[in-house]
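Please go through the questions below with the model in view. Each answer ends on the name or value asked for.

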Amino acid sequence: MSAKLKKSREARVCHQCGASIAKGDLYRLRTITVCSDPQGESINGGKDWHAFRLTKKIHLCQNCA
């Protein structure tokens, strides 16, 4: 299964290898989880609990994708 690649509309840097992704080149956008707490957090004093997840979007060049 191949990854879906997008055409870059601005200059970017590959998160994995550090190569530059020029405007018009193909790249892959991925989301990685930075921090998560399956127990979750409550906003309204313990009535409702929601799983907590902090994510970050990273860019990968065509070779690393």
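Helices (H or I, at least four residues) and strands (E, at least two) are DSSP runs, numbered from the N terminus, and two strands pair if DSSP finds at least two bridges between them. This is a predicted model, in which local features need pLDDT of at least 70 and side-chain atom pairs count only at pLDDT 80 or more, while totals for chains, interfaces and linings use all residues. Residues are numbered from 1 along each chain as its sequence is written, and side-chain values use heavy atoms, with hydrogens and water left out.

Q: Which element has the lowest mean pLDDT?
A: pLDDT is the predictor's confidence in each residue, from 0 to 100. The protein averages 89, and 97% of the residues score at least 70. Among the elements, strand 2 has the highest mean, 96, and the lowest, 88, belongs to strand 4.

Q: What is the order of the strands in the open sheet?
A: Strand 4 (residues 26-42) is joined to strand 1 (residues 6-7) by 2 bridges, and the two run antiparallel. Strand 4 is also joined to strand 5 (residues 49-61), again antiparallel, by 12 bridges. The open sheet therefore has 3 strands with antiparallel pairing, given that pairing takes at least two bridges, and its order is 1-4-5.

Q: Which strands stand at the edges of the sheet?
A: An edge strand here has a single partner strand, so one side of it is left without a neighbour in the sheet. The strands in that position are strand 1 and strand 5.

Q: Which residue in strand 5 stands opposite R28?
A: Some opposite positions fix the register of strand 4. K6 stands opposite Y27 in strand 4, and T31 stands opposite K57 in strand 5. For R28, the residue opposite is L60.

Q: Which residue in the hairpin of strand 4 and strand 5 takes a positive phi?
A: The hairpin has 6 residues between the strands. The positive phi, near 75°, is found at G45.

Q: Which strand gives the most residues to the largest nonpolar core?
A: A nonpolar core is a set of buried Ala, Val, Leu, Ile, Met, Phe, Trp, Tyr and Cys residues joined through side-chain atoms within 4.5 Å. The largest one has 6 residues: C14, I21, Y27, I58, L60 and C61. With 3 residues, the main contributor is strand 5.

Q: Which residues are in contact with C61, leaving aside neighbours within four places in sequence?
A: Contact means heavy atoms within 4.5 Å. C61 belongs to the largest nonpolar core, as do C14 and I21. Its contacts are C14, C17, I21 and L26.

Q: What is the relative accessible area of S8?
A: S8 is placed in the loop between strand 1 and strand 2 (12-13). Apart from residues up to four places away, S8 touches I21, A22, K23, G24, D25 and Y27. Buried means under 20% relative accessible area, exposed over 50%, and partly exposed in between (1.4 Å probe, protein chains only). S8 counts as buried, at 3%.

Q: At what distance do the side chains of R12 and E10 meet in a salt bridge?
A: A salt bridge is a side-chain nitrogen of Lys or Arg within 4 Å of a carboxyl oxygen of Asp or Glu. The structure holds 1 of them. R12 is buried at 16% relative accessible area, whereas E10 is partly exposed at 45%. The N to O distance between R12 and E10 is 4.0 Å.

Q: With which side chain does R12 make a polar contact of 3.1 Å?
A: A polar contact is a pair of N or O atoms within 3.5 Å; within protein, one must be able to donate a hydrogen and the other to accept it, and residues adjacent in sequence count only if both atoms are side-chain atoms. R12 lies in strand 2, and its side chain makes a polar contact of 3.3 Å with that of S8. Beyond four places in sequence, R12 is in contact with A19, S20, I21, Y27 and H59. The polar contact of 3.1 Å is with H59.

Q: How far apart in space are T55 and I32, C-alpha to C-alpha?
A: T55 is in strand 5 and is partly exposed, with a relative accessible area of 44%. Leaving aside neighbours within four places, T55 is in contact with T31, I32, T33 and V34. T55 and I32 are 23 residues apart in sequence, and their C-alpha separation is 5.6 Å.

Q: What distance separates the C-alpha atoms of N63 and Y27?
A: N63 lies in the segment after strand 5 and counts as exposed at 76% relative accessibility. N63 and Y27 are 36 residues apart along the chain, and their C-alpha atoms are separated by 8.7 Å.
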